[in-house]
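Welcome! Let's walk through a structure together, one question at a time. Have a look at it first, then read on.

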Amino acid sequence: MTQNIIKYVEKKFIVKNKFPKFHSGYTITVFFEIIEGEKKRIQSFRGIVIKKQGIGLTKTFTIRKISLGIGIERIFMLNQPNIKKIEINKTGKVRRSRIYYLRFLKGKKAKIKS
């Protein structure tokens with residue numbers, strides 16, 4: 001009985017977004033809306049997915065990029081209303097679901113095989 005109620009609530013109230021499926025190792029670009037005062041603008045963040053976790057409304061993913069020699073990681077919730085679009089730039093094949101080891105690699109060693 002409780003499983004039926006959970007399925008009903010998920011069908012009715014959980015917003016299913018039309019983002020492409022991606023995994024750890026993929027290089028993606030996330031376009032999200034930023035509101036500053038009364039102005040709205042779209043900003044992009046491009047990097048490698050190092051982790052995906054959660055289920056349902058709590059699904060999150062972490063993207064890492066290198067900017068001016070400094071590693072930047074950003075965590076996004078998949079169901080955020082301010083995420084407008086996700087583009088897959090490059091697919092990568094990794095053997096782990098959480099590729100934290102990229103934090104300690106530099107140069108060619110930090111490349112992911114396509």
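Q: Is E87 buried, partly exposed or exposed?
A: This is a predicted model, and E87 has a relative accessible area of 32% in it. Buried would need under 20% and exposed over 50%. Because its value falls in between, E87 is partly exposed.

Q: Which residue meets the side chain of E87 in a salt bridge, and at what N to O distance?
A: Here is a helpful idea to begin with: side chains of opposite charge can pair when their charged atoms come close. For a salt bridge, the nitrogen and the carboxyl oxygen must lie within 4 Å. The side chain of E87 meets that of K85, at 3.3 Å from N to O.

Q: Over the ring of which residue does the charged end of K85 sit?
A: K85 has a relative accessibility of 40%, so K85 is partly exposed. Its side chain meets E87 in a salt bridge. The charged end of K85 also sits over a ring, 4.9 Å from the ring centre, and that ring belongs to F31.

Q: How many residues apart in sequence are the parts tied together by E73 and R103?
A: E73 and R103 form a salt bridge, with their closest N and O atoms 2.8 Å apart. E73 lies in strand β4 (residues 70-77), while R103 lies in the segment after β5 (83-90). The pair therefore ties together parts of the chain whose separation in sequence is 30 residues.

Q: What is the relative accessibility of R103?
A: Let's look at both partners of this salt bridge. E73 counts as partly exposed, at 31% relative accessibility. R103 counts as partly exposed too, and its value is 36%.

Q: Which residue is joined with E73 and R103 into one network?
A: The salt bridge between E87 and K85 has an N to O distance of 3.3 Å. Turning to E73 and R103, salt bridges that share partners join them into one network with R64.

Q: How far apart are the closest N and O atoms of E36 and R41?
A: E36 is partly exposed, with a relative accessible area of 43%. R41 is partly exposed as well, at 37%. These two residues form a salt bridge, and their closest N and O atoms are separated by 3.1 Å.

Q: How many salt bridges does the structure hold?
A: We have met several of them, including E36 with R41 and E73 with R103. Counting over the structure gives a total of 5.

Q: What separates the C-alpha atoms of N82 and E33?
A: N82 sits in the loop between β4 and β5, and is partly exposed with a relative accessible area of 26%. Leaving out residues up to four places away in sequence, N82 touches F31, F32 and E33. N82 and E33 are 49 residues apart along the chain, yet their C-alpha atoms are separated by 5.1 Å.

Q: Is T60 buried or exposed?
A: T60 is found in strand β3 (residues 60-67). Leaving aside neighbours within four places in sequence, its contacts include K51, Q53, I75 and M77. Its relative accessibility is 14%, and because buried means under 20%, T60 counts as buried.

Q: What kind of aromatic pair do F45 and F76 form?
A: A search of the whole structure finds 4 aromatic pairs. F45 and F76 make one of them, with 6.1 Å from centre to centre and 65° between the planes. Because planes over 60 degrees apart count as edge-to-face, the F45 and F76 pair is edge-to-face.

Q: In which strands do F45 and F76 lie?
A: F45 is buried, and F76 is buried too. They are 31 residues apart in sequence, so the pair ties together distinct parts of the chain. F45 lies in strand β2 (residues 39-53), and F76 lies in strand β4.

Q: What kind of aromatic pair do F61 and F76 form?
A: F61 is buried at 2% relative accessibility, and F76 is buried with a relative accessible area of 2%. Their ring centres are 5.6 Å apart, with 25° between the planes. Because planes under 30 degrees apart count as stacked, the F61 and F76 pair is stacked.

Notes. Residues numbered from 1 in each chain as written. Predicted model: local features only at pLDDT ≥ 70, side-chain atom pairs only at ≥ 80, totals over all residues. Heavy atoms only, no water. Buried < 20%, exposed > 50% of the residue type's maximum accessible area, 1.4 Å probe, protein only. Helix = DSSP H or I, 4+ residues; strand = E, 2+ residues; numbered from the N terminus. Contact = heavy atoms within 4.5 Å. Phe/Tyr/Trp six-rings, centres within 6.5 Å; stacked < 30°, edge-to-face > 60°. Lys NZ or Arg CZ within 6 Å of the ring centre and 35° of its normal.
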